Amino acid sequence: MYVHSIIKSVIEKNIEKALQSINEVLEEGKDLENFLWEMIKHTKDILMYKVSKKVELYNDEEVKEIAEVAENVSKDELINIVYKLSELENKMRLSSQKTIIFETEIIKLCMNIDILGLEDRISNLEKRLENGEIKPAQRIEMPSGVVQPARQPEKVIMPKETPKTQEAKKQDVTPKKEEKAQEVKAEPLQTGEKMADWPKVLGKLKEHGKVMLYANLINTEAVALDDLTVSIRFNGGLTAFGKTFLEKPENMNEITKEVSMIFGKPMHIKLESVDTKAKKVEKASVEQETKVVEETPEDILGDLDIPINYIEEE
């Protein structure tokens, strides 16, 4: 059930699992607006179960799944999800890029699910201040006519440098710069070798706020095609939406920049879709054809218990 899977991923803040379920929904050609309506209804059902321990129109297995999710989420968080999904419904009605908006908002939900709880805590603190339950820190005022002296900065006395200390500094600094450069620069890869620092590249993209870019590159690997080219392989296949998104100039430039920084030289990036299921089927087919070709007449007729007489021409 894709609806339950995505809602559960939002509650658990699992962006990877949420996007995987969304891709499966898109591949099946489901209408996103109807699917979003089902998500809102399902979240309301989880909230109802959280309040009353009752829910209708679900079988025993589905009720069990709803109960497990309800135990790990508060009522405030469920209300927040319903509110955010309703906002998303309005945005999608006015947009022609429904898929992009849908995926972006689900990612934001995965990352900001606790905002409502934070707002409630701030509101409670404000009320307690108004009621006098919390006293603000008192400010110490100086008597009239008394001027508080300005704080003087502390003087730092630096020791005089001698020719020997200057030379020693040069010797200490130079090797450190070289060591730092060696740590940043990765070793050249052989053709077909996997890039060990690829997870670092994904981590940098996530740190820089490129969440959509990071999410579309999860479960990929980088392999060297030559000394200046790295192929990003999508072992589960690359969707049409993912290909269009990643091939945008700004996104390709961002990936190229991070990879080039790892290797310390300009690099080229290629996207490669690898359908592992198709490869297995093709391999099995080739093996079967090879087996058929290699069989001799004795192999074919041996199981039928038919004697074979060879006639030699004179």
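**Warm-up: a hairpin**

E1 and E2 form a hairpin with two residues between them. Strands, like helices, are DSSP runs numbered from the N terminus (helices: H or I, at least four residues; strands: E, at least two). The model used here is predicted, so local features need pLDDT of at least 70 and side-chain atom pairs pLDDT 80 or more, while totals for chains, interfaces and linings use all residues. Residues are numbered from 1 along each chain as its sequence is written, and side-chain values use heavy atoms, with hydrogens and water left out.

**Exercise 1. Find the strand partners of E2, and say in which sense each pair runs.**

Step 1. Recall the rule: two strands pair if DSSP finds at least two bridges between them.

Step 2. Look at strand E1, residues 220-226: its pairing with E2 is antiparallel and covers six bridges. Within this pair, Ala224 stands opposite Val230 of E2.

Step 3. Turn to strand E3, residues 268-273, which runs parallel to E2 and is joined to E2 by six bridges. Here Arg233 stands opposite Glu272 of E3.

**Exercise 2. Decide whether strand E2 is largely enclosed or not.**

Step 1. Set the scale: buried means under 20% relative accessible area, exposed over 50%, and partly exposed in between (1.4 Å probe, protein chains only).

Step 2. Go through residues 229-234, the six residues of E2: five of them are buried, so the strand is largely enclosed by the rest of the structure.

**Exercise 3. Compare the settings of Leu85 and Asp60: is each buried or exposed?**

Step 1. Place Leu85 in helix H5, residues 75-93. With a relative accessibility of 1%, Leu85 is buried. The C-alpha atom of Leu85 is 9.5 Å from that of Phe102, a residue 17 positions away along the chain.

Step 2. Place Asp60 in helix H4, residues 60-71. Asp60 has a relative accessible area of 70% and is exposed.

Step 3. See which residues join Asp60 in a negative surface patch: they are Glu61, Glu68 and Glu71. Such a patch takes residues with over 30% relative accessible area and no salt bridge, with like charges joined within 9 Å.

**Exercise 4. Which helices does the salt bridge between Glu33 and Lys98 tie together?**

Step 1. Know the test: a salt bridge is a side-chain nitrogen of Lys or Arg within 4 Å of a carboxyl oxygen of Asp or Glu.

Step 2. Check the pair: the N to O distance between the side chains of Glu33 and Lys98 is 3.1 Å.

Step 3. Locate both ends. Glu33 belongs to helix H3 (residues 32-52) and Lys98 to helix H6 (residues 98-111), so this salt bridge ties together parts that are 65 residues apart in sequence.

Step 4. Add the surroundings: Glu33 is partly exposed at 31%, and Lys98 is partly exposed at 26%.

**Exercise 5. How many salt bridges does the structure hold? Describe some of them.**

Step 1. The total is twelve salt bridges.

Step 2. Among them is the one between Glu28 and Lys30, whose closest N and O atoms are 3.8 Å apart. Glu28 is partly exposed at 48%, and Lys30 is partly exposed at 38%.

Step 3. Another links Lys243 with Glu247 at 2.8 Å, N to O. Lys243 is partly exposed at 39%, and Glu247 is partly exposed at 41%.

Step 4. Finish with a network: Lys91, Glu105 and Lys108 are joined by salt bridges that share partners.

Note on methods
Patches are made of residues with over 30% relative accessible area and no salt bridge: like charges are joined within 9 Å, nonpolar side chains (Val, Leu, Ile, Met, Phe, Trp, Tyr) within 5 Å. Accessible areas come from the Shrake-Rupley method with a 1.4 Å probe; for residues, only the protein chains shown count as cover. Lys and Arg count as positive and Asp and Glu as negative; His and the chain ends are not counted. The place of a charge is taken as NZ of Lys, CZ of Arg, CG of Asp or CD of Glu.
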